[in-house]
Amino acid sequence: MKDKIRKFAFDQGIDDIGFAAVSDYNSPQSPKIETLYPEAKSIVVTCFKEMSHIDSPSPQIAMNGRLDLQEFTRMTNYKIARFLEKECGARAMSVPLSYPMELSPQNPRSVADVSLRHAAVAAGLGVFGRHNLVIHPRLGARVLFMAVLTDLELPSDPKVTEDLCTRCNICVESCPASALDTEGQTDVGKCLMVSQPYGLPKIIGFWMKWMGKSPEERKKMLFSKDFFMTYQASFIGFQYFCFKCFNSCPVRGNDS
Ligand code: B12
Ligand code: SF4
Ligand code: SF4
């Protein structure tokens, strides 16, 4: 069964795939898989290599490549979930690449329903590096993950046992927000301010300022770069302005 799924997934253009039994998924901060899908037995994790757009000094080009990849991964993941249901007699639920997720003041550390990094580790697709990202043994650190939860019994693939991080510290030094200074922990607030400058904190700040302003001042606020960029981030998804920890890591794998 694993071979059948693997072949279908590679035919869709994925870069790698791994399988993890739900019992081998261990993400202490995240909800238990059973709370999302009580009958789930396995997680099918796919891996996609990010292309060179993330090296562009233009945030538009970098983020546009990410949007293209997001579209491709979403469609591919959905096709795999459909294949599991239609051709393998299974039930399947696709897990989002990033969003939608529960965004609320009650979830300040932005914990998603499924931690795709922990799922990738459980499925033998890599190990955590100093940047808290998962490094793939053949593709390096510039990879994104997707997953499908299924009731098929699929044994876990062997885990990567080699430490792929060289401890060079380049990621830590490259982070413009100093968000990686504490080992094993990304400072979410610091990262967000730099990597998503037109995200939620900007929107809240904007409307807080809006209150108590005169009509003339409000007009000025609407005709500002902040408002235009926040509009674009919200409606088009022009979200990330920083890929530094991701693209500075010299572990590029042998597929680069
Ligand atoms: C919310 C989110 C964020 C939040 C962070 C929230 C957080 N606390 O993790 C913010 C906005 C800051 C963020 C930033 C980025 N993200 Co993000 N993010 C997510 C998302 C949607 C959920 C993550 C989550 O649930 N975290 C909460 C829990 C699981 O984290 P945790 O248990 O506390 O683990 C943390 C540490 O303890 C440490 N850790 C845990 N176990 C271990 C073990 C070892 C040995 C080590 C060293 C560390 C370590 O890693 C975590 C980092 O804080 C995932 C997609 C998904 N559904 O998984 C993508 C995801 C993690 N993001 C990703 C990426 C690429 C980024 C960015 C590079 C942004 C960009 N431009 O693309 C930065 C990188 C920041 C960094 N170096 O950590 C990729 C990572 C791919 C990879 N190769 O690992 C993911 C998996 C998206 C995907 N579908 O591929 N992200
Ligand atoms: S995405 Fe940018 S700001 Fe966030 S941790 Fe990575 S390098 Fe730092
Ligand atoms: S940049 Fe260096 S320290 Fe950071 S994850 Fe990559 S290899 Fe490890």
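Let's start with a pair of helices: α7 passes α9 in a left-handed crossing. The residues that make this contact are K202, I203 and F206 on the α7 side, with D226, F227 and T230 on the α9 side. Sorted by class, the residues of the α7–α9 contact come out as three nonpolar, one polar and two charged. Bear in mind while looking at any of this that the model is predicted.

Now for the geometry of that pair. Helix α7 covers residues 200-210 and helix α9 covers residues 225-236, and the two pack at an angle of about 135°. Their axes are 11 Å apart. An angle over 145 degrees would count as roughly antiparallel, and 65 to 115 as roughly perpendicular; at about 135°, α7 is therefore oblique to α9.

Step back to the whole chain. The protein chain has ten helices and six strands. Its radius of gyration is 20 Å, close to the 18 Å that the globule rule gives for 256 residues, so the chain is as compact as a globular protein of that length. If you lay the C-alpha trace of the protein chain along its principal axes, it spans about 65 × 40 × 30 Å.

Next, the ligands. Ligand 1 has 35 residues around it, and those that come nearest are A112, F128, L133, L144 and T186. Which elements each supply at least two residues of the shell around ligand 1? They are α4 (116-122), β6 (143-150), α6 and α10. The largest share of that shell comes from α6, which gives four residues. As for chemistry, the shell around ligand 1 divides into 21 nonpolar, twelve polar and two charged residues.

Ligand 2 comes with a shell short enough to walk through by name. Around ligand 2 you'll find C175, P176, A177, A179, L180 and T186, along with C191, V194, S195, C242, K244 and C245. The elements giving two or more residues here are α6 (188-195) and α10 (244-248). Once again α6 is worth a look: the largest share of the shell around ligand 2, three residues, comes from α6. By class, the shell around ligand 2 holds nine nonpolar, two polar and one charged residues.

Put the two shells side by side and some names come back. T186 is among the residues that come nearest to ligand 1, and T186 also belongs to the surroundings of ligand 2. Helix α6 gives the largest share of the shell around ligand 1 and the largest share of the shell around ligand 2. Helix α10 supplies at least two residues to the shell around ligand 1 and two or more to the shell around ligand 2.

Terms used:
Residues are numbered from 1 along each chain as its sequence is written. Chains are lettered from A and ligands numbered from 1 in the order in which they are written. This is a predicted model: local features need pLDDT of at least 70, side-chain atom pairs count only at pLDDT 80 or more; totals for chains, interfaces and linings use all residues. A residue is near a molecule or strand if its C-beta atom, placed from the backbone, lies within 6 Å of it. Ala, Val, Leu, Ile, Met, Phe, Trp, Tyr, Cys and Pro count as nonpolar, Asp, Glu, Lys and Arg as charged, and the others, Gly among them, as polar. Axes are lines fitted to C-alpha atoms, for helices over the stretch in contact, and angles run from 0 to 180 degrees between N-to-C directions. Angles under 35 degrees count as roughly parallel, over 145 as roughly antiparallel, 65 to 115 as roughly perpendicular and the rest as oblique. A crossing is left-handed if the near helix is turned anticlockwise from the far one by less than a right angle, and right-handed if clockwise. Two residues are in contact if their C-beta atoms, placed from the backbone, lie within 7 Å. The radius of gyration is taken over C-alpha atoms; the globule rule is 2.2 Å times the number of residues to the power 0.38.
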